[in-house]
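Me: Could you walk me through this structure, starting from the basics?

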Amino acid sequence: MIISVRELDLAPVKFNESIVPGVIAWTPNATQVGPLVATGEATLDEMTQEIRFSGHLAVTLQLECDRCLAPIALAVDTPIDLVYEPLPETVPGQELELHAGDIDLGFYEGEGMELTDVLREQVLLDFPSRALCGEECKGLCPVCGVNRNEQGCTCTTTIPDERWAALRNL
Ligand SMILES: [Zn+2]
Ligand SMILES: [Zn+2]
């Protein structure tokens with residue numbers, strides 16, 4: 001669903017969407033489980049031409065533990081509150097200058113914004129910086145590959161010394 005500036009110029013645009021898995025491309029290790037449900041509205045600030053999205057969204061994603069690859073369910077249930085500025089016009093021959101503090105701002109270009117891009121951004125803000133099945137996750141053994149949360153192994157994680165291995169084989 002495109003939220004167009006032309007429409008917003010007349011009135012706020014309400015949305016009430018249910019987006020099935022497969023429509024939004026998440027990160028490579030995230031899979032959407034069930035529909036993403038989003039309700040809210042987009043408004044245009046006449047002075048600044050900023051588009052503000054507000055409302056609420058809920059979606060469940062499945063991530064992988066960074067250490068042991070176990071699936072982790074991430075239930076995102078969050079308010080939508082994002083503001084996008086029009087991309088500043090660039091004068092030919094002059095570089096677009098972004099000022100410190102502009103980094104977190106979103107920009108839109110042209111006729112408006114695709115709603116799914118906005119929802120994706122809002123969900124990604126909720127992603128943990130490290131996905132772990134638990135703080136205590138022991139991860140996979142780098143030698144034999146067993147999941148150390150499920151079973152122990154007798155591997156020593158120090159790299160065996162090749163010279164001693166050669167002697168043992170004599
Ligand atoms: Zn884990
Ligand atoms: Zn092992």
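Reply: Happily! Helices (H or I, at least four residues) and strands (E, at least two) are DSSP runs, numbered from the N terminus. This is a predicted model, where local features need pLDDT of at least 70 and side-chain atom pairs count only at pLDDT 80 or more, while totals for chains, interfaces and linings use all residues. Residues are numbered from 1 along each chain as its sequence is written, with chains lettered from A and ligands numbered from 1 in the order in which they are written.

Me: How many helices and strands does the protein chain have, and in what order do the elements run?

Reply: The protein chain has three helices and seven strands. From the N terminus on, the order is β-α-β-β-β-β-β-β-α-α.

Me: Which strand gives the most to the largest nonpolar core?

Reply: A nonpolar core is a set of buried Ala, Val, Leu, Ile, Met, Phe, Trp, Tyr and Cys residues joined through C-beta atoms within 7 Å. The largest one has 21 residues. Strand S3 (31-44), strand S4 (51-64), strand S5 (71-86) and helix H2 (115-124) each supply at least two of them. With six residues, the one that gives the most is S4.

Me: Is Ala42 buried or exposed?

Reply: Ala42 sits in strand S3. A residue is buried if 20 or more other C-beta atoms lie within 10 Å of its own, exposed if 12 or fewer, and partly exposed in between, with C-beta atoms placed from the backbone. Ala42 has 26 other C-beta atoms within 10 Å, so Ala42 is buried.
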